[in-house]
Amino acid sequence: MPLEFSKGAMSQTEAYRPSQSLSVYRAEGLRVVNGANLGDGLSFAEELVLDDIYRLSPLAAQARLRIIPSSTPPFRVAMDTDLGSPGAELHLDCCVTFMSGDGKTTECLVLVETDDRGDVADIYVLPLAPLQPRADYALVGVNEDIALQRFVQVACVSFTKGTMITLASGAQRPVEELQVGDKVLTRDDGPQEIRWLGHTTSRAVGAFAPICIKAGTLHNTGDLIVSPDHRLFIYQRRDHLGAGRSELLVRARHLVNGDTIRRLDGGFVEYYQMLFDHHQIIYAEGIAAESMLIDTRTRAALPEELSDKLTQLIPGHRSSDHRALEVQEALLRRPDAAELLRKSSGS
């Protein structure tokens with residue numbers, strides 16, 4: 001399959017960057033059942049034809065593709081991956097939009113793995129909302145310009161409209177009313193000025209559906225609604241969870257139990273991002289949660305006018321990354337995880 005992609009060996013620096021896990025399908029599992037490319041699996045943008053009808057095979061299963069992201073593709077396939085060849089280049093080719101029979105649209109990102117000659121080795125589909133087996137999906141959009149933006153939006157930790165943020169004075173203010181220069185109370189560095197505020201509106205489906213933590217669940221004063229990958233800071237007085245340390249960072253999506261913590265799927269959601277000189281733990285609805293972290297993936301979410309400031313901000317974010325505190329999903333894969341954390345952090 002001829003296709004021109006750049007190529008190059010993975011450097012030692014890239015090999016030691018933190019990897020991220022994506023849950024993807026092999027493109028061959030999503031095939032055209034009616035249209036110009038009849039019988040073919042989903043491919044890269046140049047080969048796609050609008051109005052082709054695709055169907056996900058009932059045998060297709062999502063698998064883990066671990067990548068080493070960068071601010072601009074290509075990415076690299078990481079060493080500890082279930083799919084792909086470690087070290088291979090991975091190109092974020094395009095964002096495709098499908099429409100189902102009931103008129104709902106679903107976006108997917110197309111990732112192309114290339115070999116050392118720059119030829120296509122494999123193609124993967126990263127759905128941004130669930131795809132249903134045996135359902136028909138018409139291809140209604142192919143966009144090569146917004147793929148990186150969509151990829152980055154999933155990674156950005158965000159608060160939703162109405163979230164009450166604790167200021168340096170102790171006062172509470174909705175996140176949408178904050179301004180650059182306002183001083184916010186941080187756990188580690190006291191009052192800190194906001195350097196940048198971001199705002200996006202997304203369909204609340206799949207990877208963009210927010211997580212609601214019901215008031216009181218983690219000692220929060222009100223319902224806390226955040227992006228799925230948003231990490232909450234927990235200080236354990238007693239280690240009921242068995243993490244082996246007192247300070248923890250826990251991703252909201254890993255705590256979903258369908259009751260006190262649930263995914264809000266449907267409609268639209270307004271997300272707000274907050275940037276400081278360093279990656280900070282701030283207070284939202286009375287509990288500790290992280291601010292935006294600039295890393296090799298999320299820096300692409302920032303506007304071009306901030307590019308000059310990034311050089312100054314990145315070292316501070318790298319040194320204040322709380323990655324070592326994060327609790328792995330396997331330890332949280334239990335229905336009472338939130339309750340154990342509430343008990344652990346109680347007086």
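**Salt bridges, cores and strand pairing**

In the predicted model, Asp 119 is partly exposed, with a relative accessible area of 27%. The side chain of Asp 119 meets that of Arg 117 in a salt bridge, with an N to O distance of 3.4 Å. Arg 117 itself counts as exposed, at 55% relative accessibility, because the cut-off for that class is over 50%. Side chains of opposite charge can pair when their charged atoms come close. In total, 21 salt bridges were counted.

A further salt bridge links Glu 270 and Lys 161, whose closest N and O atoms are 3.8 Å apart. Glu 270 belongs to strand β21, whereas Lys 161 sits in the loop between β10 (159-160) and β11 (164-166), so the pair ties together parts that are 109 residues apart in sequence. Both partners count as partly exposed: Glu 270 has a relative accessibility of 27%, and Lys 161 has one of 49%. Arg 334 and Asp 336 form another salt bridge, in which the closest N and O atoms are 2.8 Å apart. Here Arg 334 is partly exposed at 38% relative accessibility, and Asp 336 is partly exposed at 30%. In addition, salt bridges that share partners connect Asp 229, Arg 231, Arg 251, Arg 253, Glu 290 and Glu 326 into one network.

The protein contains five helices and 23 strands. Of its 347 residues, 49% are buried. Its accessible surface comes to about 16,100 Å², and carbon and sulfur atoms account for 46% of that area. When contacts between residues at least 6 apart in sequence are considered, 64% join residues at least 24 apart.

The largest nonpolar core comprises 34 residues, and Phe 159, Ile 165, Leu 255, Met 274 and Leu 341 have the most contacts inside it. At least two residues of this core are supplied by each of β16 (211-213), β17 (224-226), β18 (231-235), β19 (247-251), β21 (268-275), β22 (281-284), β23 (287-290) and α5 (337-345). Helix α5 gives the most to this core, with four residues. For Met 274, the residues touched, not counting those up to four places away in sequence, are Phe 159, Ile 165, Val 175, Leu 178, Val 184, Ile 194, Trp 196, Leu 197, Ile 282, Ser 291 and Met 292. A second, separate core has 22 residues, among them Ala 27, Leu 42, Phe 44 and Ile 123.

Leu 42 also appears among the contacts of Leu 30, a residue of strand β2 (residues 30-34). Leu 30 has a relative accessible area of 2% and is therefore buried, the cut-off being under 20%. Apart from neighbours within four places in sequence, Leu 30 is in contact with Asp 40, Gly 41, Leu 42, Tyr 54, Arg 55, Leu 56, Phe 98, Val 125 and Leu 131. The C-alpha atom of Leu 30 is separated by 9.6 Å from that of Ser 43, which lies 13 residues away along the chain.

Strand β18 is largely enclosed by the rest of the structure, because four of its five residues are buried. Strands β18 and β19 run antiparallel and are joined by five bridges. Within this pairing, Leu 232 has Val 250 of β19 as its bridge partner. Both strands are also among the elements that each supply at least two residues of the largest nonpolar core.

Notes:
Residues are numbered from 1 along each chain as its sequence is written. This is a predicted model: local features need pLDDT of at least 70, side-chain atom pairs count only at pLDDT 80 or more; totals for chains, interfaces and linings use all residues. Side-chain values use heavy atoms; hydrogens and water are left out. Buried means under 20% relative accessible area, exposed over 50%, partly exposed in between (1.4 Å probe, protein chains only). Contact means heavy atoms within 4.5 Å. Accessible areas come from the Shrake-Rupley method with a 1.4 Å probe; for residues, only the protein chains shown count as cover. A nonpolar core is a set of buried Ala, Val, Leu, Ile, Met, Phe, Trp, Tyr and Cys residues joined through side-chain atoms within 4.5 Å. Two strands pair if DSSP finds at least two bridges between them. A salt bridge is a side-chain nitrogen of Lys or Arg within 4 Å of a carboxyl oxygen of Asp or Glu.
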